[in-house]
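Let's take a walk through a protein model, looking at its hollows, its strands and the place where its chains meet. Have the sequence and the 3D view open as you read.

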Amino acid sequence: MIKNQASRLLFVLLVFQTMLYAQSEGMVSIKGSRYLPLYGRDSTVVAVKDFEMDVYPITNSQYVDFIKKYPKWQKSKVISLFADKGYLVNWKSDTELKDSEKPNSPVTYVSWFAAKDYCECQGKRLPTIDEWEYVAMADKTTKDARVKPEYNAEILAWYEAPRTNENTIGLHPENFWGVHDLHGLVWEWTLDFNSVLISGESRKDVDKDNNLFCGSAAVNATDLMNYAAFMRYAIRGSLKAKYSMKNLGFRCVKDIPNEFNSSF
Amino acid sequence: MKTILKLMTLILALTMFSCFNNKETEYANTEDIPVNREMLAELTSPPNVPTPIGRRKAKKLIVKMEILEKVGEMTDGVEYMYWTFGGTVPGSFIRTRVGDEVEFHLQNHPDNKLPHNIDMHAVTGPGGGAESSFVAPGHEKVFSFKTLNPGLYVYHCATAPVGMHIANGMYGLILVEPEGGLPPVDKEYYIMQGDFYTKGANGERGLQPFDMQKAVDEKADYVVFNGKVGALTGDNAITAKVGETVRLFVGNGGPGLVSSFHVIGEIFDRVHVEGGDLINENVQTTLIPAGGAAMVEFRVDVPGTFIIVDHSIFRAFNKGALGMLKVEGEENKKIYSGEIRDDIYLPEGPGIQSMPTTDEVVASEIPAKSFEEQMEFGKNAYMQTCFACHQAEGQGIPNAFPPLANSDYLNADVDRAIGIVLRGKTGEITVNGEKYNSVMTRQMLSTDEIANVMTYVYNSWGNSKKVVTKEMVEKVKKSK
């Protein structure tokens, strides 16, 4: 009887807590935790706080709206320091996509600067690598599906499928958190994408060169999970903030204010 | 006057000597070889190689290599997502000479999904260039290196996961010729072996994804030359003429398997072992490590089709590691006679020129009821009895077994043809203008079976569409 009451109380508390903080439109809340990132033999456990994440990547039509509001990101006006020549090459004018592009395909050919500014203009920000990887390691039913062979096989299959950037958002089922399209559509910018090679924070300084080349790939390479992750870290490592790529889009996240953050 | 002349001769001699001397300057250190002028490197797709460097001086050589991820055919009905240097597997052949300063432009096509780089075994420097060439899709990286050591070298992608990038076809060869070039030969070709790991078993149709587990276990579904099954067979075979010297630049991209490279019916006169300076002579099979190469040279003395294999032989006949070198020209009976006779070997003694059998052949149980059945049964009998010599399309084998397709000899006389099947045939005959002198033994076929198989032959491959009945066979049987 007491036990029953206790669980009822817990239930009420849980409901109460989720009601305290109203979820933003088009986003789902992610409950933070500590986890071991996919990549790297010298990785340590990282902590991710509670946050909200966009359910879908930013689409072409959302970006059209953005660009109309913030003309400095139109391709004729953009400062070349912030976007290379590939920026929005699939647009026929400053405010119009080419006819071949679908409005609800993910926006690509955007630089990191543009993506970052987009999110900030919505009162959001780009996810960190740790946040992105944390959400992306879930499949439909579990928070951490990385040990499942079929989870990894699906990700690897995308790497071999051509022209997926032309697909529309939402075709992939939502994962445990209710987020779609982390895998199988486009690569996504992260806030600290270049920390892989440049910063010594996440790894020993002496290792920063060879982690992505021959040596490290040979270590633990029997692990399918590493293979899928290697590719993401490799693509991030190859980027510069002004690059714009056909297969690279983004989505935003939002911090949950500390008073509502239950993780820590 | 005389002294002036003498002086002039001396000066002239000196200048000549110095000119001569200048030409032959040898540098103790290849690093010191000066370069002059710029040149855009000629790149070729396999099995072709660029023109030899000959006597050209060291240059600044500009190499522009484009990376393409694209779907290609592994074998009939099987497709694979190849990652390529220059659009082919193996990648474009790069030909340099010692002392060249290579300015390498690595271009990653914007449609590609992944970043790539290049590690060239000919490069002296960290990562073989890998670190300096790591390039995102839609970008180009430039780095340069000086070729210090002559030899034949493998290049490959070294982006994580390295094994997967190589397994998908990202390898090729770069040749560094010595001063003055390699000795000239008549024909040069580029062959590179690679192993592929697909989700489906060998031959399973459709677009096959890469299978990581099989790759880790080194259980290849395909082992092929030049990226696909049949890249060097049939119309794609490499060719030479009798008397020519052939040089093969052979590489092995791996990722997993070592190649026992062999050309059936040839002995390699010279092998640059492992692509280096060491030359071994009179070699039957040369070992090519994964990530290694060899230069193989031989003179072709007789005509015919020479089969190129990895002599780990199941790879050749079951996984695709099979190519062909077709040599045309005059036969040389002294070196190779061809088949002289096919005699029956009977330990008890000579005399009987037929397969041992009784006269009573069991008649096939179910006689054909219609023309269609005759054709069907006839085809079965053909595939069991006649196919080995006369071949699937009745084309026969030149100089050995006469053709049945479009055969003037066959169509001229039905009874004669029936007689040959009944009793066998020895001696010279002329079929479609070609002379044949072989032995066909009498066949162990029933009267019905002979009628069926001959009807099948007459109604196939452009023959006269005669229908042979049991009665016709009986008639011939009784006639002698």
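Before we count anything, here's what the word means: a cavity is a set of grid points where a 1.4 Å probe fits but cannot get out, while a pocket is an open set. Keep in mind, too, that what you're looking at is a predicted model.

**Closed spaces**

How many cavities of 30 Å³ or more turn up in a search of the whole structure? There are three. The largest cavity holds about 110 Å³ of space. Its lining is made of 13 residues, and those closest to the centre are A:Trp132, A:Leu182, A:Val186, A:Trp187 and A:Arg232. If you'd like to find the elements around it, go to α5 (149–160), β5 (187–188) and α7 (224–237) of chain A, since each of these supplies at least two lining residues. Sorted by class, the lining has eight nonpolar, two polar and three charged residues.

The second largest cavity has about 40 Å³ of space. You can trace its lining through A:Asn60, A:Asn90, A:Glu101, A:Ser105, A:Pro106, A:Thr108, A:Asn165 and A:Glu166. Here the classes come out as one nonpolar, five polar and two charged.

**Open pockets**

Now over to chain B. The largest pocket has a volume of about 1,100 Å³. Thirty residues would be a lot to click through, so start with those closest to the centre of the 30 that line it: B:Glu331, B:Gly338, B:Glu339, B:Pro398 and B:Asn399. Strands β21 (304–310), β23 (425–431) and β24 (434–440) of chain B each give at least two residues to this lining. Which strand gives the most? That's β24(B), with five residues.

The second largest pocket comes to about 840 Å³. It is lined by 34 residues, with B:His390, B:Ile420, B:Met440, B:Thr441 and B:Gln443 closest to its centre. Elements of chain B that give two or more residues to this lining include α7 (408–412), α8 (414–423) and α9 (447–458), and strands β23 and β24 are on that list as well. Helix α6 (371–390) belongs there too, and α6(B) gives the largest share, five residues.

Here is how the two pocket linings divide by class:

| Pocket | Nonpolar | Polar | Charged |
|---|---|---|---|
| Largest pocket | twelve residues | ten residues | eight residues |
| Second largest pocket | 24 residues | seven residues | three residues |

**A sheet in chain B**

Strands of a sheet pair through backbone hydrogen bonds, either parallel or antiparallel. In chain B, five strands form an open sheet with mixed pairing, in the order β2-β5-β10-β9-β7. Its edge strands are β2 (43–44) and β7 (119–120), and each pairs on one side only. Further in, β9 (residues 151–156) and β10 (residues 171–177) run antiparallel and are joined by six bridges. To see two facing residues, look for B:Leu152, which stands opposite B:Leu175 in β10(B).

**Where the chains meet**

What does each chain bring to the contact? Chain A puts in 29 residues and chain B 28. About 2,600 Å² is buried between the two chains, and carbon and sulfur atoms give 69% of that area. There's one salt bridge across this interface. A salt bridge joins the side chains of A:Lys246 and B:Asp111, at 2.4 Å from N to O.

Note on methods. Residues are numbered from 1 along each chain as its sequence is written. Chains are lettered from A and ligands numbered from 1 in the order in which they are written. This is a predicted model: local features need pLDDT of at least 70, side-chain atom pairs count only at pLDDT 80 or more; totals for chains, interfaces and linings use all residues. Side-chain values use heavy atoms; hydrogens and water are left out. Two strands pair if DSSP finds at least two bridges between them. Helices (H or I, at least four residues) and strands (E, at least two) are DSSP runs, numbered from the N terminus. On a 1 Å grid over the protein atoms alone, a cavity is a set of points where a 1.4 Å probe fits but cannot get out, and a pocket is an open set with protein on both sides within 12 Å along at least five of seven lines; lining residues have an atom within 4 Å of a point. Grid points are joined across faces, edges and corners, and a volume is the space filled by probe spheres set on the points. Ala, Val, Leu, Ile, Met, Phe, Trp, Tyr, Cys and Pro count as nonpolar, Asp, Glu, Lys and Arg as charged, and the others, Gly among them, as polar. Contact means heavy atoms within 4.5 Å. Buried area is the accessible area (1.4 Å probe) that two parts lose on being put together, summed over both. A salt bridge is a side-chain nitrogen of Lys or Arg within 4 Å of a carboxyl oxygen of Asp or Glu.
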